Amino acid sequence: MTGAARDARARARASVRPDGGLPATRRPWPDVRPLDPVHSLKTKLALLVAASVTVASLLVWAGLRLDALRIGPRYTLPLAIVVTLVFTQLLARGMTSPLREMTAAARAMATGDYSRRVRSTSSDEVGELADAFNRMAQDLEAVDRERRELVANVSHELRTPVSALHAVMENLVDGVTEPDRETLGTALAQTERLGRLVEQLLDLSRLDAGAVSLDREELALEPFLEQAARAMSMTGRDVRYAVAVDPPGLSVEVDSARLHQVVANLLDNASRHSPPGGTVRVSAHAAGPVVRISVQDEGPGIADADRERVFERFQRGSARTDGGTGLGLAIARWAVQLHGGTIRVGPTPPGGGCRIDVHLPREAPAAR
């Protein structure tokens with residue numbers, strides 16, 4: 001066989017249909033599966049042999065004995081062989097269809113397509129193999145999806161501190177701000193946050209397993225929120241930040257790094273949606289054993305139909321046009337739930353905009 005012929009055959013074998021069948025240029029045999037109720041492959045093979053022998057014997061007997069069909073031994077045996085081969089091919093094709101579909105699906109997986117599945121209608125060894133193959137394909141698809149989400153999460157989370165640090169350095173180089181203690185402290189805080197985020201975002205791979213631990217500490221909310229707002233103001237957006245804490249000495253027992261993820265994401269979203277010259281209000285109030293942290297902007301708000309959906313990964317509000325990945329609120333919900341709290345879209349403020357409320361227990365729940 002020449003090289004061109006081999007390439008043509010390889011292309012023909014690779015061009016399978018989405019259902020795992022033969023190429024569209026070939027006329028496939030009917031996919032008949034009358035032996036699916038049989039639970040053993042060995043029994044199927046025995047039945048296939050018995051049925052083939054029976055068909056061949058009946059044809060030979062009919063050709064030699066029946067007056068209406070008497071065609072003589074010269075043609076009876078070849079005819080019986082041809083008919084038996086066709087009959088056997090029909091039954092064998094149904095038995096081996098899952099194997100061909102698995103071959104086609106494996107080729108698709110090699111190119112990154114993990115959505116293919118094998119149609120399994122039998123309960124024998126081939127059917128069990130097809131079920132195992134489908135479970136493997138589903139697991140591989142989930143792993144590939146989580147890997148892509150992890151890359152997107154890392155990119156999204158690193159963008160805010162990098163932008164803030166870049167703004168600080170640019171202002172210092174251009175002489176817009178002086179290298180005083182407060183400015184350098186903000187730059188140092190963003191650098192430290194970058195190091196923390198590299199480690200923290202890798203915990204997303206263990207999110208579903210619930211294996212992420214919290215390093216809780218007593219955290220004073222007023223200086224914490226002021227520092228978060230001050231860091232966000234270094235991004236250069238034309239937005240003012242107002243912080244209010246009631247009572248002034250309010251504190252909560254949380255993992256400060258995880259809570260910073262929440263507040264930074266909410267402030268980033270609020271500043272993006274606020275109009276130029278707008279105000280983002282950050283508040284914290286005590287409500288018995290719970291602390292409510294709210295971030296309110298003056299933007300277009302969130303439609304009622306999107307209030308639950310915006311907390312899902314890669315989901316964005318219908319009014320969003322900034323090209324974001326839609327991961328910020330999903331990460332915020334994950335961090336809040338780790339603390340045993342809740343996050344939701346609050347009632348629309350009287351002047352419009354959006355308010356996100358975070359409810360956290362003031363004290364860590366007792367260990368069981």
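## Asp 357

In this predicted model, Asp 357 counts as buried because its relative accessibility is 0%, and the cut-off for buried is under 20%. Asp 357 belongs to strand E7, which covers residues 355-361. A polar contact of 2.7 Å joins the side chain of Asp 357 to the side chain of Ser 294.

Ser 294 is also one of the residues that Asp 357 touches when residues up to four places away in sequence are not counted. The others in that set are Arg 292, Ile 293, Thr 342, Ile 343, Arg 344, Gly 346 and Pro 347.

## The chain as a whole

The protein chain has 368 residues, and 38% of them count as buried. Eight helices and seven strands are found in the chain. Among contacts with a separation of 6 or more, 69% are between residues 24 or more positions apart.

## Helix H7

Helix H7 runs over residues 256-273, which makes 18 residues. From its first C-alpha to its last, H7 reaches 26 Å, close to the 26 Å expected at 1.5 Å a residue. This helix is mostly covered, with 15 of its 18 residues buried. At the start of H7, Asp 255 places a side-chain oxygen within 3.1 Å of the backbone nitrogen of Ala 257.

After H7, Ser 274 sits in the loop that leads to strand E4 (278-287). Ser 274 counts as buried because its relative accessibility is 9%. Its side chain reaches the backbone oxygen of Ala 270 at 2.8 Å. Setting aside neighbours within four places in sequence, Ser 274 is in contact with Val 239, Val 280, Asp 297, Glu 298 and Gly 299.

## Nonpolar cores

In soluble globular proteins, nonpolar side chains tend to be buried together. The largest nonpolar core here has 37 residues, and Leu 259 and Leu 267 touch the most other members. Apart from this core lies another, of seven residues, which include Met 109, Val 118, Ala 130 and Phe 133.

Leu 259 touches Leu 219, Leu 221, Phe 224, Val 254, Ile 293 and Leu 360, with residues up to four places away in sequence left out of the count. Of these, Ile 293 is also touched by Asp 357.

## Cavities

The model contains five cavities of 30 Å³ or more. The second largest holds about 60 Å³ of space. Its lining is made up of Thr 160, Ala 164, Gln 190, Arg 193, Ala 228, Ala 231, Met 232, Thr 235, His 260, Ala 264 and Leu 267. The elements that give two or more residues to this lining are helix H4 (125-174), helix H5 (181-200), helix H6 (221-233) and H7.

Leu 267 therefore has two roles in this description, as a residue of the largest nonpolar core and as part of the lining of the second largest cavity.

## Helix H8

Ile 331 is located in helix H8, residues 328-338. With a relative accessibility of 3%, Ile 331 counts as buried. Its C-alpha is separated by 8.3 Å from that of Phe 311, a residue 20 positions away along the chain.

H8 is mostly covered, and eight of its 11 residues are buried. The buried residues are Gly 328, Leu 329, Ala 330, Ile 331, Ala 332, Trp 334, Ala 335 and Val 336. Gly 340 follows H8 and has a positive phi, near 80°.

## Helix H2

Ala 56 is in helix H2, which covers residues 41-65. At 22% relative accessibility Ala 56 counts as partly exposed, because that class lies between the 20% and 50% cut-offs.

Ala 56 touches Ala 80 and Thr 84 when residues up to four places away in sequence are not counted. Between Ala 56 and Ala 80 the C-alpha to C-alpha distance is 5.1 Å, although they are 24 residues apart in sequence.

## A cis peptide bond

The peptide bond from Asp 246 to Pro 247 is cis, and its omega is near -5°. Pro 247 lies in the loop between strand E2 (239-246) and strand E3 (251-254).

Conventions. Residues are numbered from 1 along each chain as its sequence is written. This is a predicted model: local features need pLDDT of at least 70, side-chain atom pairs count only at pLDDT 80 or more; totals for chains, interfaces and linings use all residues. Side-chain values use heavy atoms; hydrogens and water are left out. Helices (H or I, at least four residues) and strands (E, at least two) are DSSP runs, numbered from the N terminus. The expected span of a helix is 1.5 Å times one less than its number of residues. Buried means under 20% relative accessible area, exposed over 50%, partly exposed in between (1.4 Å probe, protein chains only). A polar contact is a pair of N or O atoms within 3.5 Å; within protein, one must be able to donate a hydrogen and the other to accept it, and residues adjacent in sequence count only if both atoms are side-chain atoms. A nonpolar core is a set of buried Ala, Val, Leu, Ile, Met, Phe, Trp, Tyr and Cys residues joined through side-chain atoms within 4.5 Å. Contact means heavy atoms within 4.5 Å. On a 1 Å grid over the protein atoms alone, a cavity is a set of points where a 1.4 Å probe fits but cannot get out, and a pocket is an open set with protein on both sides within 12 Å along at least five of seven lines; lining residues have an atom within 4 Å of a point. Grid points are joined across faces, edges and corners, and a volume is the space filled by probe spheres set on the points.
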